[in-house]
Every structure is written in structure tokens, then in C-alpha cells.
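Open the model in your viewer and keep the selection tool at hand. The tour goes stop by stop.

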Amino acid sequence: MSKRILVTGANGQLGSEIRARVMEYKDETQNQYFFTDRKELDITDASAVEAFVSMYHIDTIINCAAYTAVDKAEEESALAYRINRDAAETLARTAKTSGAWLIHISTDYVFDGTACRPLKETDPVDPQGVYGRSKLEGEEVIRRIAPEGALIIRTSWVYSSMGQNFVKTMLRLGNEREKIGVVYDQIGTPTYAADLAAAILFIMDAGKRDEGVDTLHYSNEGVCSWYDFAHSIFEMRQLECTIDPIATEAYPTPAKRPPYSVLDKSKIKEKYGIAIPYWRDSLKTCLDKMAL
């Protein structure tokens, strides 16, 4: 049966990758997609969301919209909470009322970063900044409202050939400078947004809606530091810029970053049989795409 799918945050990295994949495989599905960003639909406006979902008979909502400026969130906390928590509540209530399936994207920043092993969905959460707290409260309000089968997918270190991200920043700096410093003591896993988009669409097509709200983790396979990530970017692009590894304490930021946020993906792999690419392989795929 075909679906009518609302994708919010459609101009962001993940939303753009979902759109690109849908366009690439448009002849293989009868699903109808409604890609919206703030101009098309203000998801902080409950009446507008309810009207949109009702008018277009939406049965699936993929919420890619988020306030993701981690440092700026410390100054713009009201806006961060409005988008990351309040809009999540609006979408959850609308999904609950309409019977739509809500798939909501969250973050590794809900953890405090003190773990020493990959983090499971059931591990304790303790966000250290406004961004992480606002995303966690978005998760909590979805669980409290509990739309049938709602799914929360946490991810980390997202990048893409579209939008602004770490990969593009490193490419720019690598071409402009002879030497840069990159933090070496924050450990996690990059996530190529195109891989996450494919996983979301696969899960959606699988149609396994549980009772209540489920939580899953997704990032690419493997582990690295931001220094390792940058080094791989320069290596693959053959940039001569030197990278100095620097400690977090030598690069203070308004928001505290989790020093360790590797996500355990066992649950999503076992439940959906998803094969997750290694992070360096996906990075090469993204860089090759950007070079076209």
C-alpha cells in the first residue's frame, strides 16, 4: 500500500538526502512525498501542522527538522527548545490524533560522554548543553504522548555533500591554510546523511510499527576522533595541509561536547537486518560525489 509522507526539515542535510534518494528511485514506489521546510510549514504552529496533515491525508511523518547550532543554542535557548522540543510535541500530538507514523531524528548529545563502550538505547542520558537537553526533552515528550509505533532514531556527526558540515569546513580550511588544529580527544562515529536516509526509508517501507515508542541508534560503522576524521578527509583529497592534534581544553567552546559518543547499532541491525557501511567508505563516497 502506498504512503503519503511528510518530511520536515527538507532543506537540511538529512532531508535533502531523503529527497535525493526518493527522486533517484521514484519509479520504484507509489509513495507520495511532501517535502517541507519552514517556508512551507511552520512545525511550531500546531494548527498549521494539524491542517496540513489533515488536508494531505498524511500517514507518515519523518521529522528531520532541528535546531543544530550547538554553540549558538547556548545563547538562543528559547529558539532551540521551540524547534527541538515544542515542535516535536506538536508533531507527536498530531500523529497521535491522526494515526500517522512518526519517525523522529535525535542525537548522541543526549549522553554526557563519560562512557567507555558503545552506547545502547537504554543507557542513562545526561545532556551537557542546551542543544542536547532540548533534543532529549523532544524525545521525552514523544514518549509521553506515545503515538502508535513512533520511532526515535539517534545519530551522530552527520555530514553530507549538501549543506554546511565538518567535511566541507575541513575542505575549505585545507585549501586555505598550511596548518590547522583539530580536536583529538572527542571520540565518536561520522554519519553520512545519505546512509541514514536510506536506512530511514528502508525502515519505513518495512512498516514494522510497534506499540508505543521505540528508540534506535544509527551511525556509520567504526570509531574515530575529529582529528582522525579530518586526517582522512585530507588524505582522500590529497591536501597538503598539516593537522595538529589538539586537546578539547585547548579549544574551548560555549557548549560542552561529549568526549565519547560511539553509538551501539546492534538493535537496528538485528531488528531490520540493515547493513551499515564503514565510515571511511562512506566518506569516500561523499567526497567522490562532491568532486563531480
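How are α5 and α9 oriented to each other, oblique or roughly parallel? Keep in mind that this is a predicted model. Select α5, then helix α9, residues 279–291. The two pack at an angle of about 60 degrees. An angle of that size is neither under 35 nor in the 65 to 115 range, so α5 and α9 are oblique to each other. Their axes are 12 Å apart. The crossing is right-handed. Show side chains at the contact: Val167, Lys168 and Leu171 in α5 meet Leu283, Leu287 and Met290 in α9.

**Second partner of α5**

Keep α5 (residues 166–176) selected and add helix α7, residues 226–237. Here too the packing angle is about 60 degrees, with the axes 10 Å apart. α5 and α7 are therefore oblique to each other. Their crossing is right-handed. On the α5 side, pick Phe166, Val167, Met170, Leu171 and Gly174. They meet Trp226, Phe229, Ala230, Ile233, Phe234 and Arg237 in α7.

**The sheet**

Now hide the helices and colour the strands. What is the order of the 6 strands in the open sheet? Read across it: β2-β1-β3-β4-β5-β10, with parallel pairing. β2 and β10 are the edge strands, each pairing on one side only. Neighbouring strands are turned by 20 degrees against each other on average, direction ignored.

Start at the β2 edge. β1 and β2 run parallel and are joined by 4 bridges. Select Val7; its bridge partner in β2 is Phe35.

Cross to the other edge. β5 and β10 pair in the parallel sense over 5 bridges. Ile152 has Thr215 of β10 as its bridge partner. Is β10 mostly covered or mostly uncovered? It is mostly covered, with 4 of its 5 residues buried.

**Helices on the sheet**

Bring the helices back. α1 lies across β1, β2, β3 (60–63) and β4. It runs at about 150 degrees to β2. Next, select helix α4, residues 130–145. α4 packs on the sheet and touches β4, β5 and β10. Its direction makes about 155 degrees with that of β4.

Stay on α4 and add helix α3, residues 77–98. The two axes come within 9 Å and cross at roughly 15 degrees. That makes α3 roughly parallel to α4. This crossing is right-handed. The contact draws on many residues; from α3 they include Ser77, Tyr81, Arg85 and Lys96. The α4 residues they meet include Val130, Ser134, Gly138 and Ile145.

**The cores**

Switch to a surface or sphere view. The largest nonpolar core has 28 residues. Ile18, Ile62, Ile153, Ile200 and Ile203 have the most contacts inside it. Which elements each supply at least two residues of this core? They are β1 (4–8), α1 (13–24), β2 (32–35), β4 (101–107), β5 (150–155), α6 (193–206) and α8 (266–272). α6 gives the largest share, 7 residues.

Centre on Ile153. Beyond its neighbours within four places in sequence, Ile153 is in contact with Ile103, His104, Ile105, Ser106, Leu196, Ile200, Ile203, Leu216 and Tyr218.

Another core, of 24 residues, lies apart from the largest one. Val182, Trp226, Phe229 and Leu283 are among its members. You have met some of these names already: Trp226 and Phe229 sit at the α5 and α7 contact, and Leu283 sits at the α5 and α9 contact.

**Two loops to finish**

Go to Thr36, in the loop between β2 and α2 (46–55). Is Thr36 buried or exposed? Its relative accessible area is 3%. Buried means under 20%, so Thr36 is buried. Not counting residues up to four places away in sequence, Thr36 touches Leu6, Val7, Thr8, Gly9, Ala10, Leu41 and Phe52. Val7 is the residue whose bridge partner is Phe35.

Last, select Lys256, in the loop between β12 (242–246) and α8. With residues up to four places away in sequence set aside, Lys256 touches Tyr109 and Gln128. Draw a distance from its C-alpha to that of Lys208: 36 Å in space, with the two positions 48 residues apart in sequence count.

Conventions: Residues are numbered from 1 along each chain as its sequence is written. This is a predicted model: local features need pLDDT of at least 70, side-chain atom pairs count only at pLDDT 80 or more; totals for chains, interfaces and linings use all residues. Side-chain values use heavy atoms; hydrogens and water are left out. A nonpolar core is a set of buried Ala, Val, Leu, Ile, Met, Phe, Trp, Tyr and Cys residues joined through side-chain atoms within 4.5 Å. Buried means under 20% relative accessible area, exposed over 50%, partly exposed in between (1.4 Å probe, protein chains only). Contact means heavy atoms within 4.5 Å. Two strands pair if DSSP finds at least two bridges between them. Axes are lines fitted to C-alpha atoms, for helices over the stretch in contact, and angles run from 0 to 180 degrees between N-to-C directions. Angles under 35 degrees count as roughly parallel, over 145 as roughly antiparallel, 65 to 115 as roughly perpendicular and the rest as oblique. A crossing is left-handed if the near helix is turned anticlockwise from the far one by less than a right angle, and right-handed if clockwise.
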